[in-house]
Amino acid sequence: MLTIDKAIYDAIVEHARADHPDEACGVVAGPAGSDLPQRFVPMANAARSPTFYEFDSADLLKLYREMDDRDEEPVVVYHSHTATEAFPSRTDISYASEPNAHYVLVSTRDADGLGEFQFRSFRIVDGTVSEEEVVVK
């Protein structure tokens, strides 16, 4: 189960909607071993694509060094899908490299307000996807 603060939830959703029609991406860091998402870190989608996201390698290296200095880890890795449901694609699954992270997907295909909004969380370990409950506090 992912328990997430309302302000962080709102920040992820806002980032996803702001970057639409391109996919948005980022991380929520938290104290190592805590499973507590605390520090929202929006990242630029280096691919600038509506169907794919890619963290800029220099930005990602900087983030990991920063998290290491602060004794943090990526608790949430998030990105948006702009035209499909919030479910990990084969590419998403192949890139999932943080077995302890919650992989959050936000679908922005409802950008016109006509569709169902989706904010879903998954665990992805060794290619196996398991959806989990999301509790917003």
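## The largest pocket

By class, ten nonpolar, one polar and two charged residues make up the lining of the largest pocket. This is a predicted model, and the space in that pocket comes to about 230 Å³. Of its 13 lining residues, Y53, F55, L60, Y95 and S97 are the closest to the centre. Two elements, α2 (57-69) and β4, each contribute at least two residues to this lining.

## The second largest pocket

Next comes the second largest pocket, with about 150 Å³ of space. This pocket is also lined by 13 residues, and the closest to its centre are E23, T51, F52, H81 and S89. The elements that give two or more residues to the lining are β4 and α3 (90-95).

What classes of residue line the second largest pocket? Here the lining divides into four nonpolar, seven polar and two charged residues. For the largest pocket, the matching figures were ten nonpolar, one polar and two charged.

## The enclosed space

Let us turn from pockets to cavities. The count comes to one cavity of 30 Å³ or more, and about 50 Å³ of space lies in the largest cavity. Its lining is made by Y53, V77, H79, D92, Y103, V104, L105 and I124. The elements that give two or more residues to this lining are β4 (72-81) and β5 (102-107).

Which element has the largest share of the cavity lining? That is β5, with three residues. By class, the lining of the largest cavity holds six nonpolar residues, one polar and one charged. Y53 appears in this lining and is also listed among the residues closest to the centre of the largest pocket.

## Aromatic pairs

Five aromatic pairs turn up in a search of the whole structure. One of them joins Y9 and F119: the ring centres are 4.3 Å apart and the planes meet at 40 degrees, so this pair is tilted. Y9 sits in helix α1 (residues 6-19) and F119 in strand β6 (residues 118-125), so the pair ties together parts that are 110 residues apart in sequence. Are these two residues buried or exposed? Y9 counts as buried because its relative accessibility is 19%, under the 20% cut-off. F119 is buried too, with a relative accessible area of 11%.

Another pair is formed by F87 and F122, with ring centres 5.3 Å apart and planes at 80 degrees, so the arrangement is edge-to-face. This pair also links distant parts of the chain, 35 residues apart: F87 is in the loop between β4 and α3, while F122 is in strand β6. F87 counts as partly exposed, at 37% relative accessibility, whereas F122 is buried, with a relative accessible area of 0%.

## A buried threonine in a loop

To finish, here is a look at one loop residue. T108 lies in the loop between β5 and β6, and T108 is buried, with a relative accessible area of 1%. Which side chain does the side chain of T108 meet in a polar contact? The partner is the side chain of H20, at 2.8 Å.

Leaving aside residues up to four places away in sequence, T108 touches A16, R17, H20, S80, H81 and T82. H20 is thus both a polar partner of T108 and one of the residues T108 touches. H81, another of the residues in contact with T108, is also listed among those closest to the centre of the second largest pocket.

Key
Residues numbered from 1 in each chain as written. Predicted model: local features only at pLDDT ≥ 70, side-chain atom pairs only at ≥ 80, totals over all residues. Heavy atoms only, no water. 1 Å grid on protein atoms, 1.4 Å probe; cavity = no way out; pocket = protein on both sides within 12 Å on 5 of 7 lines; lining within 4 Å. Points joined across faces, edges and corners; volume = space filled by probe spheres on them. Helix = DSSP H or I, 4+ residues; strand = E, 2+ residues; numbered from the N terminus. Nonpolar A, V, L, I, M, F, W, Y, C, P; charged D, E, K, R; others polar. Phe/Tyr/Trp six-rings, centres within 6.5 Å; stacked < 30°, edge-to-face > 60°. Buried < 20%, exposed > 50% of the residue type's maximum accessible area, 1.4 Å probe, protein only. Polar contact = N/O pair within 3.5 Å; in protein donor to acceptor, adjacent residues only side chain to side chain. Contact = heavy atoms within 4.5 Å.
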